[in-house]
Amino acid sequence: MIKMNDVYKTYSNGVTALNGINIEIGQGEFVYLVGPSGAGKSTFVKLMYREVKPSRGTIHINETDLSSIKEKRVPYLRRNIGVIFQDFKLLPKLTVFENIAFALEVIQESPRNIKKRVMDVLDLVGLKNKARFLPDELSGGEQQRVSIARAIVNHPKVVIADEPTGNLDPDTSWEIMRVFEEINARGTTIIMATHNKEIVNTIKKRVIAVEDGLIVRDEHRGEYGYDI
Ligand SMILES: Nc1ncnc2c1ncn2[C@@H]1O[C@H](COP(=O)(O)OP(=O)(O)OP(=O)(O)O)[C@@H](O)[C@H]1O
């Protein structure tokens with residue numbers, strides 16, 4: 001369902017972040033993207049939600065060719081892809097409920113349906129009782145749960161997470177991983193860039209390792225493979 005063909009990315013400052021990536025990721029897979037700092041992992045995931053465009057090559061998500069879609073189609077693409085960041089990126093003045101409802105595709109949804117969808121997704125991440133809280137009234141782990149709820153409220157087929165446990169303590173990181181596993185068990189593809197060796201070596205999944213903009217390893221139930 002995700003296919004990259006000979007993808008290169010050179011930024012405007014001349015730095016080449018990706019050097020010819022070829023990969024296929026099937027629906028329902030759980031993939032860790034690992035590699036040293038500066039290897040190109042963030043660039044790799046940003047290409048998938050069209051935050052950056054490839055300099056060369058093609059990227060398909062389902063039948064959509066991301067390298068050629070028009071700018072005005074990008075918001076539609078993003079509705080089918082949930083994105084989760086290390087720093088949560090919640091809107092600070094909106095409540096938990098409002099942060100998620102804001103992301104919801106609201107066309108012709110009644111307030112009652114919006115409420116049901118938001119509360120269902122808060123239930124899934126275990127935060128039903130915090131719907132009226134503001135982000136800064138929550139712990140880091142709770143804020144990350146809200147950002148996961150926001151990412152999945154439109155039922156995307158793919159969830160892309162860039163260092164989702166990077167700001168969290170170990171216990172909270174394991175809790176967040178349980179949420180990801182639950183989402184994956186429901187059939188959603190998960191692609192997670194991470195430096196968390198313990199998680200990768202414990203919750204075994206497909207591991208794609210990137211170094212100097214190239215895939216150097218692609219293993220089913222792989223290891224993290226680096227010292228840090
Ligand atoms: N917007 C940008 N403009 C110019 N160069 C960039 C930009 N974003 C990333 N780079 C460069 O591209 C290379 C790959 O960066 P990228 O962020 O993809 O690596 P990474 O593997 O995610 O690193 P980390 O693990 O530290 O987050 C680096 O040399 C980086 O400096």
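# Helix 3 and its surroundings

The buried residues of helix 3 are Val-96, Phe-97, Asn-99, Ile-100, Ala-101 and Ala-103. With 6 of its 8 residues buried, helix 3 is largely enclosed by the rest of the structure. Those buried residues pack against helix 4 and helix 5, so a good way into this predicted model is to start at helix 3 and work outwards.

**The protein as a whole**

- The protein contains 7 helices and 10 strands.
- Its radius of gyration is 17 Å, close to the 17 Å that the globule rule gives for 228 residues, so the protein is as compact as a globular protein of that length.
- Measured out along the principal axes, the C-alpha trace spans about 45 × 40 × 35 Å.- Buried residues make up 37% of the 228 residues.
- Of the contacts between residues at least 6 apart in sequence, 68% join residues at least 24 apart.

**Helix 3 against helix 4**

- Helix 3 covers residues 96–103 and helix 4 covers residues 111–124; the two pack at an angle of about 115°, with their axes 10 Å apart.
- Angles of 65 to 115 degrees count as roughly perpendicular, and helix 3 and helix 4 are therefore roughly perpendicular to each other.
- The crossing of helix 3 over helix 4 is right-handed.
- On the helix 3 side the contact is made by Phe-97, Ile-100 and Ala-101, and on the helix 4 side by Ile-114, Val-118 and Val-121.
- Sorted by class, this contact has 6 nonpolar residues, with no polar and no charged ones.
- Phe-97, Ile-100 and Ala-101, which helix 3 brings to this contact, also appear among the buried residues of the helix.

**Helix 3 against helix 5**

- Helix 3 and helix 5 pack at an angle of about 25°, and their axes are 8 Å apart.
- Since angles under 35 degrees count as roughly parallel, helix 3 is roughly parallel to helix 5.
- Here too the crossing is right-handed.
- Val-96, Asn-99, Ile-100 and Ala-103 of helix 3 meet Val-146, Ala-149 and Arg-150 of helix 5.
- By class, the contact has 5 nonpolar, 1 polar and 1 charged residues.
- Ile-100 is worth a look in the viewer: this residue takes part in the contact with helix 4 and in the contact with helix 5.

**Helix 5 against helix 6**

- Helix 5 (residues 140–152) also packs with helix 6 (residues 170–185), where the axes come within 10 Å and cross at roughly 15°.
- Helix 5 and helix 6 are therefore roughly parallel to each other.
- Helix 5 passes helix 6 with a right-handed crossing.
- From helix 5, the residues that take part are Gly-140, Gly-141, Gln-144, Arg-145, Ile-148 and Ile-152.
- Their partners in helix 6 are Thr-172, Glu-175, Ile-176, Val-179 and Ile-183.
- By class, this contact of helix 5 with helix 6 has 5 nonpolar, 4 polar and 2 charged residues.

**Two loop residues with positive phi**

- Lys-89 sits in the loop between strand 6 (81–85) and helix 3.
- Phi of Lys-89 is near 55°, a positive value in a residue other than glycine.
- Lys-89 has 13 C-beta neighbours inside 10 Å and so counts as partly exposed.
- Glu-163 belongs to the loop between strand 7 (158–162) and helix 6.
- Phi of Glu-163 is also positive, near 55°, again in a residue other than glycine.
- Glu-163 has 20 C-beta neighbours inside 10 Å and so counts as buried; the cut-off for a buried residue is 20 or more.

**Two further positions**

- Asp-136 lies in the loop between helix 4 and helix 5.
- With 9 other C-beta atoms within 10 Å, Asp-136 is exposed.
- Asp-136 and Tyr-32 are 104 residues apart in sequence, and their C-alpha atoms are 29 Å apart in space.
- Asn-19 is part of strand 2 (residues 16–25).
- Asn-19 counts as partly exposed, with 16 C-beta neighbours inside 10 Å.
- Leaving aside neighbours within four places in sequence, Asn-19 is in contact with Tyr-8, Asp-212, Gly-213 and Leu-214.
- Asn-19 and Leu-47 are 28 residues apart along the chain, and 13 Å separates their C-alpha atoms.

Conventions:
Residues are numbered from 1 along each chain as its sequence is written. This is a predicted model: local features need pLDDT of at least 70, side-chain atom pairs count only at pLDDT 80 or more; totals for chains, interfaces and linings use all residues. Axes are lines fitted to C-alpha atoms, for helices over the stretch in contact, and angles run from 0 to 180 degrees between N-to-C directions. Helices (H or I, at least four residues) and strands (E, at least two) are DSSP runs, numbered from the N terminus. Angles under 35 degrees count as roughly parallel, over 145 as roughly antiparallel, 65 to 115 as roughly perpendicular and the rest as oblique. A crossing is left-handed if the near helix is turned anticlockwise from the far one by less than a right angle, and right-handed if clockwise. Two residues are in contact if their C-beta atoms, placed from the backbone, lie within 7 Å. Ala, Val, Leu, Ile, Met, Phe, Trp, Tyr, Cys and Pro count as nonpolar, Asp, Glu, Lys and Arg as charged, and the others, Gly among them, as polar. The radius of gyration is taken over C-alpha atoms; the globule rule is 2.2 Å times the number of residues to the power 0.38. A residue is buried if 20 or more other C-beta atoms lie within 10 Å of its own, exposed if 12 or fewer, and partly exposed in between; C-beta atoms are placed from the backbone.
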